[in-house]
Amino acid sequence: MTTVIVLGAQWGDEGKGKITDYLAEQADMVVRCQGGSNAGHTVVSQGATYKLHLIPSGILYPDVECIIGNGVVVDIGLLLDELDELKGQGLNTSNLKISNRAHLIMPYHKALDQLQEEQKGKAKIGTTGRGIGPAYVDKVNRSGIRIADLLDWAVFQEKLKIQLAEKNHLFASYGKETFEEAAILKEYESYVERVKPFVADTAPIINDRIDAGKKVLFEGAQGTLLDIDHGTYPFVTSSHPTSGGACTGSGVGPTKINRIVGIAKAYATRVGSGPFPSELLDEMGEKIRQKGGEFGVTTGRPRRCGWFDALVARYSVMVNGLTDLAITKLDILDELPEIKICRAYSYQGKELTEMPADLNQLAQCEPIYETMPGWQQDTTGARTFADLPQAAQNYIKRLEELSKAPVSIVAVGPDRKQTILRNSIY
Ligand code: GDP
Ligand code: IMO
Ligand code: MG
């Protein structure tokens with residue numbers, strides 16, 4: 001087994017950074033395939049905390065190759081800042097490669113993101129404001145600017161002119177500030193030489209490593225329920241955080257994928273708007289938010305908290321073809337006398353065991369809970385499954401049963417070492 005997709009099985013922030021870092025210790029390459037700087041992945045190791053937005057979590061290991069794949073939308077300014085920050089923390093960043101097919105997030109995409117949210121008013125999505133949606137819209141509209149274009153200055157200038165004419169017209173019609181072509185050209189010209197050494201056609205490189213028997217990890221961003229097709233549309237991101245997205249976003253065929261690990265918290269969180277049936281709007285929600293430090297890495301927004309939703313987990317197992325689950329943040333539940341799991345929804349008096357696709361139906365679903373006894377013991381020092389209190393083991397086994405996939409990894413703290421491996425992944 002050599003290729004593993006690590007992805008979010010809920011609404012993002014499940015601990016993908018932590019689990020990718022844990023698995024990267026034995027990997028040769030880590031690839032980001034979709035999303036962009038909307039992601040905020042945290043890795044904690046040897047007392048240091050790293051917050052990554054665009055750069056794969058494998059960067060902590062000096063010999064692991066890191067790839068920003070064709071499916072990612074890249075804010076070059078933020079990428080270069082992140083590189084500088086990591087270098088400042090003493091990391092080797094020379095093993096990074098960026099696909100020349102990846103699209104650029106331009107300044108007007110960020111302004112458009114804000115404008116569209118303003119226009120939506122109460123129906124706003126609660127985006128991260130990083131220009132993700134508008135950048136993917138231009139990509140699909142075949143009017144995006146790619147990294148390869150940036151390295152061909154005449155092409156970049158021509159494409160920018162066309163884009164600015166269109167975008168400025170729109171901004172002006174809303175009475176918003178327009179963008180100066182000369183200022184953007186000056187800014188982007190300064191990026192060219194800095195980014196050039198990292199740029200490559202990355203799909204052949206990734207496939208070459210796979211064919212050579214190397215261990216390649218695909219690090220998902222966001223989560224399954226934020227997928228543009230499979231998520232709670234329209235309260236989603238504009239890419240495919242699901243397993244198919246790892247293939248198209250890297251140029252690797254599905255026949256080359258061996259394992260697909262879905263990460264889920266031992267409870268549930270969501271940032272931004274949209275239905276969340278097992279959300280806790282009471283003191284318990286606040287307690288979990290505080291203990292779990294549930295505040296966004298990218299925007300600092302408080303995350304909405306709730307109980308583990310087994311319908312979400314089952315759905316993720318299905319649409320991703322998950323071979324394994326990793327349950328993170330078990331330790332956050334350590335003090336609770338009892339813990340609830342949403343096992344079904346009640347919709348207009350009927351019991352549903354699968355998530356409805358219709359958003360209005362989902363918004364009307366009430367959770368049906370089962371209650372398990374808590375363990376009320378510290379689990380942060382557990383290093384094997386047997387180290388966990390019996391009630392915690394039972395909780396994990398119940399999540400496994402309801403989700404219909406084996407829980408192969410359990411995390412009991414943010415540090416790389418606070419990880420229990422039940423079934424080997426490679
Ligand atoms: P990602 O976006 O999926 O990589 O997740 P984030 O980094 O946005 O959020 C997860 C947060 O939980 C980070 O602060 C992690 O350091 C932290 N974390 C991950 N796993 C655990 C765990 O098992 N226990 C605790 N206490 N914290 C964890
Ligand atoms: P990681 O990789 C949690 C959410 C936003 C919003 C919706 C659309 O750290 O798990 P966007 O800016 O993508 O257009 O916002 O998606 N969102 C995330 N929520 N974790 C993330 O990334 C997210 N990236 C986007 O809050 O609801
Ligand atoms: Mg995050």
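## The surroundings of ligand 2

In this predicted model, the shell of residues around ligand 2 is made up of seven nonpolar, ten polar and three charged residues. Of the 20 residues in these surroundings, the ones that come nearest are D13, K16, H41, T128 and T237. Ligand 2 sits in the largest pocket.

## Polar contacts and cover

Oxygen atoms of ligand 2 take part in contacts with both side-chain and backbone atoms of the protein. In the side chain of N38, an N or O atom is 2.9 Å from an oxygen atom of the ligand. At G40, a polar backbone atom lies 2.9 Å from an oxygen atom of ligand 2. A polar backbone atom of V271 is likewise 3.1 Å from an oxygen atom of ligand 2. On its own, ligand 2 has 550 Å² of accessible area, and the protein covers 98% of that area.

## The ten-stranded sheet

Strands of a sheet pair through backbone hydrogen bonds, in either a parallel or an antiparallel sense. Here, ten strands form an open sheet with mixed pairing. The order of the strands is β9-β7-β5-β2-β10-β1-β11-β15-β19-β20. Strands β9 (199-200) and β20 (419-421) are the edge strands, each pairing on one side only.

At the β9 edge, the partner is β7, which spans residues 96-99. Strands β7 and β9 run parallel and are joined over two bridges. Within this pairing, I98 stands opposite V199 of β9.

Notes:
Residues are numbered from 1 along each chain as its sequence is written. Chains are lettered from A and ligands numbered from 1 in the order in which they are written. This is a predicted model: local features need pLDDT of at least 70, side-chain atom pairs count only at pLDDT 80 or more; totals for chains, interfaces and linings use all residues. Side-chain values use heavy atoms; hydrogens and water are left out. Two strands pair if DSSP finds at least two bridges between them. Helices (H or I, at least four residues) and strands (E, at least two) are DSSP runs, numbered from the N terminus. A residue is near a molecule or strand if one of its heavy atoms lies within 4 Å of it. A polar contact is a pair of N or O atoms within 3.5 Å; within protein, one must be able to donate a hydrogen and the other to accept it, and residues adjacent in sequence count only if both atoms are side-chain atoms. Accessible areas come from the Shrake-Rupley method with a 1.4 Å probe; for residues, only the protein chains shown count as cover. On a 1 Å grid over the protein atoms alone, a cavity is a set of points where a 1.4 Å probe fits but cannot get out, and a pocket is an open set with protein on both sides within 12 Å along at least five of seven lines; lining residues have an atom within 4 Å of a point. A molecule sits in a cavity or pocket if more than half of its atoms lie within 2 Å of its grid points. Ala, Val, Leu, Ile, Met, Phe, Trp, Tyr, Cys and Pro count as nonpolar, Asp, Glu, Lys and Arg as charged, and the others, Gly among them, as polar.
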